[in-house]
Amino acid sequence: MIHSRINILSLAEYGKIEEWDHFVHKQKHGWITSLSSWAGVLEKSFTHIKNKSIVIIGNGANKIIGLLPLYLVDSPVTGRRLVSTPFATLGNPLFSDEIGIGAIMPYLEKSLQAYRASYIEIRVSSPGLSNILANHFTIDNIFKCHYLDLLRPLEDIYSCLHRSYIRRYVNRAKDAGVLFRIADTMADIKSFFYLYSITRKRLLLPAIPLSFFTSIWEAYMQQKNAVFLIAEKSGKPAAALMLLAYGNRVSAEALGWDLQFTKDHVVAGLYWEA
């Protein structure tokens, strides 16, 4: 599709994966779920998800000025829809100052018709971008993200935590002899998944398949863009946390814990260790 100043292509039509990822890396809100490799993780793990991401090229300089990770999700439960970042808590459309999302709205409307999707869902973590999207989309605030500034020394962060709750729980985990380590084998990923799945079942929520987590570990473990942190008590896995890391942000994405270790406050200790 041609706009007066831009050319909009699918990722398959564009094909220059390295340039796509380089653009993501340069953006303030660039995140791991915007990388081309995230599409591989999703399509390898879910047969009902297909990559329909788009790249926006400036006609004058013939360079990338915007990216919108986009996936067609065709589910018998939730229907057929386009989603910017399925199975992730963070993710923003990435645009340079030269372009705004209004310029690609006609393309998105045509995509809805072409893919016979009922709606488009764009998940953002930037309040400023949410305000811009409000001109074109219905804003839903049912999810919350909690941010912690990590630029301060750890001692300063710790002193700001609630003394009677968080600090006491963190110290209790230490006193109970809870040990923490980074997963380094597939057996560790399966231990994480066991804790995660029993926690989801306890909360009456479905668990994301194991293949999703193994794909993430295989794709991002070497670069430390994904870290699985395990808490152990007396040699037994007590809690586990999956972290995604990219640029200057780390995000806690999935958690599981065994109720028999509740009194040891393994979750508080795990988050502090992370």
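## The sheet

Let's start with the four strands that make up an open sheet, arranged in the order β9-β10-β11-β12 with antiparallel pairing. Keep in mind as you look around that this is a predicted model.

The edges of the sheet belong to β9 (179-182) and β12 (249-257); each has a single partner strand, so one side of each is left without a neighbour in the sheet. Going from one strand to the next, the twist averages 25°.

## The β10-β11 pair

Inside this sheet, you can follow the pairing of β10 (residues 226-233) with β11 (residues 236-246), which is antiparallel and spans eight bridges. A handy place to pick up the register is Ala226, whose bridge partner in β11 is Leu244.

## A helix across the strands

Now turn to helix α9, which covers residues 210-220. Helix α9 lies across β10, β11 and β12, and its direction makes an angle of about 115° with β10.

## Where α8 meets α9

Helix α9 also has a helical partner: α8 (residues 186-202), whose axis comes within 10 Å of the α9 axis and crosses it at roughly 140°. The two helices are therefore oblique to each other, and the crossing of α8 past α9 is right-handed.

If you would like to display the contact, select Met186, Ile189, Lys190, Phe192, Phe193 and Tyr196 on the α8 side. On the α9 side, they meet Leu210, Phe213, Thr214, Trp217 and Glu218. By character, the residues of this contact between α8 and α9 comprise eight nonpolar, one polar and two charged.

Terms used. Residues are numbered from 1 along each chain as its sequence is written. This is a predicted model: local features need pLDDT of at least 70, side-chain atom pairs count only at pLDDT 80 or more; totals for chains, interfaces and linings use all residues. Side-chain values use heavy atoms; hydrogens and water are left out. Two strands pair if DSSP finds at least two bridges between them. Axes are lines fitted to C-alpha atoms, for helices over the stretch in contact, and angles run from 0 to 180 degrees between N-to-C directions. Contact means heavy atoms within 4.5 Å. Angles under 35 degrees count as roughly parallel, over 145 as roughly antiparallel, 65 to 115 as roughly perpendicular and the rest as oblique. A crossing is left-handed if the near helix is turned anticlockwise from the far one by less than a right angle, and right-handed if clockwise. Ala, Val, Leu, Ile, Met, Phe, Trp, Tyr, Cys and Pro count as nonpolar, Asp, Glu, Lys and Arg as charged, and the others, Gly among them, as polar.
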